Amino acid sequence: MRILIVEDEPKTGDYLRQGLTEAGFVVDLARDGFDGLHLATGGDYDLVILDVMLPGLDGWQVLCGVRRKDPDLPVLFLTARDQVDDRVKGLELGADDYLIKPFAFAELLARVRTLLRRGRATSEPTVLRVADLELDLLRRRVLRGGRRIELTAKEYALLELFMRRRGEVLPRSLIASSVWDMNFDSDTNVVDVAVRRLRLKVDEGFEPRLIQTVRGMGYVLDTPE
């Protein structure tokens, strides 16, 4: 799942991005309100974590712009503004939750998962399936033939990308930008190594083999024809 953080304080923004990435999410970070609004209304995000005091546009303005474009996108305010009037204003403008700084990351993560469970539950599947491979988005659990498969955060993100785009040949550049948030360098084999490790876990010892290499193009996950 994709999360956008809009936070101008460098240490807080980097801390949130690292923590949520390690929790298995694909995370983008905007440092001001203009970039935050541009990304939130132009990207395919499942949740926005939004500060109030931002350069450019403040959080209230960003939220109003987001709500005009997407009334259902979950938004969590994360701010040092702890007055009741501020919390009421944020909720009345359409925020789904409001958490005060300083905060415990465990609480933030719990609120994030709660919002993701209810935010798009009616419109998006919570379990992805291809053949006997099953990925539970809410429990973050992977099964193959009923057997539990343990994945790292990056392996989980890679498998989720493959399963969401089943049957689509994904070039290495797209995989690198989606899972590692990096521009693909032809001199690195990070994508190939990760795909090889994922194959060992989800395909080795199972039939049919689901992750296929398309020579000169990339990788695809699907049942063989």
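**Exercise 1. In which sense do S4 and strand S5 (residues 97–100) pair, and over how many bridges?**

Before starting, note that this is a predicted model, in which local features need pLDDT of at least 70 and side-chain atom pairs count only at pLDDT 80 or more, while totals for chains, interfaces and linings use all residues. Residues are numbered from 1 along each chain as its sequence is written, and side-chain values use heavy atoms, with hydrogens and water left out.

Solution. Begin with the terms: helices (H or I, at least four residues) and strands (E, at least two) are DSSP runs, numbered from the N terminus, and two strands pair if DSSP finds at least two bridges between them. S4 and S5 pair in the parallel sense, over four bridges, and within S5 the bridge partner of Leu-76 is Asp-97. Between these two strands the chain passes through helix H4 (residues 84–93), in a β-α-β crossover that is right-handed; this word applies if, with the strands pointing away from the viewer, the path from the first strand over the helix to the second runs clockwise.

**Exercise 2. Find the pairing of S4 with strand S3 (residues 47–50), and decide how S4 is placed in the structure.**

Solution. S3 and S4 run parallel and are joined by three bridges, and the partner of Ile-49 in S4 is Leu-76. The path from S3 to S4 leads through helix H3 (residues 59–69), and this β-α-β crossover is right-handed. Next, look at the side chains of S4: Val-75, Phe-77 and Thr-79 point one way, Leu-76 and Leu-78 point the other way, and all are buried, where buried means under 20% relative accessible area, exposed over 50%, and partly exposed in between (1.4 Å probe, protein chains only). Because five of the five residues of S4 (residues 75–79) are buried, the strand is largely enclosed by the rest of the structure.

**Exercise 3. Work out which parts of the chain the salt bridge between Arg-111 and Asp-97 ties together, then examine other salt bridges.**

Solution. Side chains of opposite charge can pair when their charged atoms come close; here a salt bridge is a side-chain nitrogen of Lys or Arg within 4 Å of a carboxyl oxygen of Asp or Glu. In the salt bridge of Arg-111 with Asp-97, the closest N and O atoms are 2.9 Å apart. Arg-111 lies in helix H5 (residues 105–119) and Asp-97 in strand S5, so the pair ties together parts that are 14 residues apart in sequence. Arg-111, at 23% relative accessibility, counts as partly exposed, whereas Asp-97, at 17%, counts as buried.

The structure holds 19 salt bridges. Among them, Arg-165 pairs with Glu-168, with the closest N and O atoms 2.7 Å apart, and Glu-7, Asp-51 and Lys-101 are linked in a network.

**Exercise 4. Check the length of helix H6 (residues 153–164) against its expected span, and describe its surroundings.**

Solution. The expected span is 1.5 Å times one less than the number of residues. The 12 residues of H6 should therefore span 16 Å, and the end C-alpha atoms are 16 Å apart, which agrees. As for the surroundings, H6 is mostly covered, since nine of its 12 residues are buried, including Tyr-156, Leu-159 and Phe-162. What covers these buried residues includes strand S6 (127–130), helix H7 (172–179) and helix H8 (190–202), where contact means heavy atoms within 4.5 Å.
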